[in-house]
Amino acid sequence: MTDPIFDVSGRVVLVAGGARGLGLELAKGLAQRGAHIVLADSLAEEAAEVVTQLDGSGHFSTSLDVTDEKSVKDVFHLIRSRVGRLDSLLNSAGIARFAPAVDMRAEDFVQTMAVNVTGAFYLSRIAARVMMEQDEGGQIVHLASVSSTVVNENYAAYSPSKAALAQLVRILAMEWARKGITVNAIGPAVIRTPMTETTLLADAETRAHALAQIPMGRFGEPSDLLGSALLLMSPAGRFITGQTIYVDGGRTLK
């Protein structure tokens, strides 16, 4: 039986960027515990397919471009019209572009900031407007990264975007605290997903270097993030706001 303090059953949760990767895995975990999931992603066909695989009922998917404010507004309008409310936002939408700073394409830097920072801003403030209208508060949780604080070469776009996200979380938490809206982030180290296994961790030397930076001696699994998500989106986390919780095997200790 689920401890009531960590109960998310019956809650309407928008998972932005949930068609793949960590967003999808967290959506699965929340659905298993009774949450009603709205899966929104630019990969609309994939989202429509995977949402049918979630446990429970009351789930649906929709298209979302987080860099387009109208697209973001349309998603929240759809949620209000279909289910009448929104309890939580889990934003996992993000991209990563890695290259030496002198070689990085300007458009890759701009796009990284647009998705990881501007998109988070659009999602947060429109979610907050909905929650304020409901006058019952709510939870906003972003997926950040240890890259908001640790330094790696070739991360001149990704790391600043995650550092900006961590500071955005703090500012929005301050502005909306009296409205009962908590704003937090989860900052993972390298997590093993199909994407990271075929990109970041595909090169043996890179993999060994990344592993050596984690004191616990292993990469994270998507399930390692679920506990923090449940904490921040349930009554257990109602007095936590403005924080980035690093789920990193000790990576930020170095």
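**Exercise 1. Place Ile 214 in the chain and decide whether Ile 214 is buried or exposed.**

Step 1. Look along the chain: Ile 214 sits in the loop that links helix 7 (204-212) to helix 8. Helices here are DSSP runs of H or I with at least four residues, strands are E runs of at least two, and both are numbered from the N terminus. This is a predicted model, in which local features need pLDDT of at least 70, side-chain atom pairs count only at pLDDT 80 or more, and totals for chains, interfaces and linings use all residues. Residues are numbered from 1 along each chain as its sequence is written, and side-chain values use heavy atoms, with hydrogens and water left out.

Step 2. Check accessibility: Ile 214 has 5% relative accessibility, so it counts as buried (under 20% relative accessible area; exposed is over 50%, partly exposed in between; 1.4 Å probe, protein chains only).

Step 3. List its contacts (heavy atoms within 4.5 Å): leaving out residues up to four places away in sequence, Ile 214 touches Ala 189, Phe 219, Asp 248, Gly 249 and Arg 251.

**Exercise 2. Work out why helix 8 is largely enclosed by the rest of the structure.**

Step 1. Count: six of the eight residues of helix 8 (residues 226-233) are buried, so the helix is largely enclosed.

Step 2. Name them: Leu 226, Ser 228, Ala 229, Leu 230, Leu 232 and Met 233.

Step 3. Find the partners: these buried residues pack against strand 1, helix 1 (21-32), strand 4 (88-91), strand 5 (138-143), strand 6 and strand 7 (244-247).
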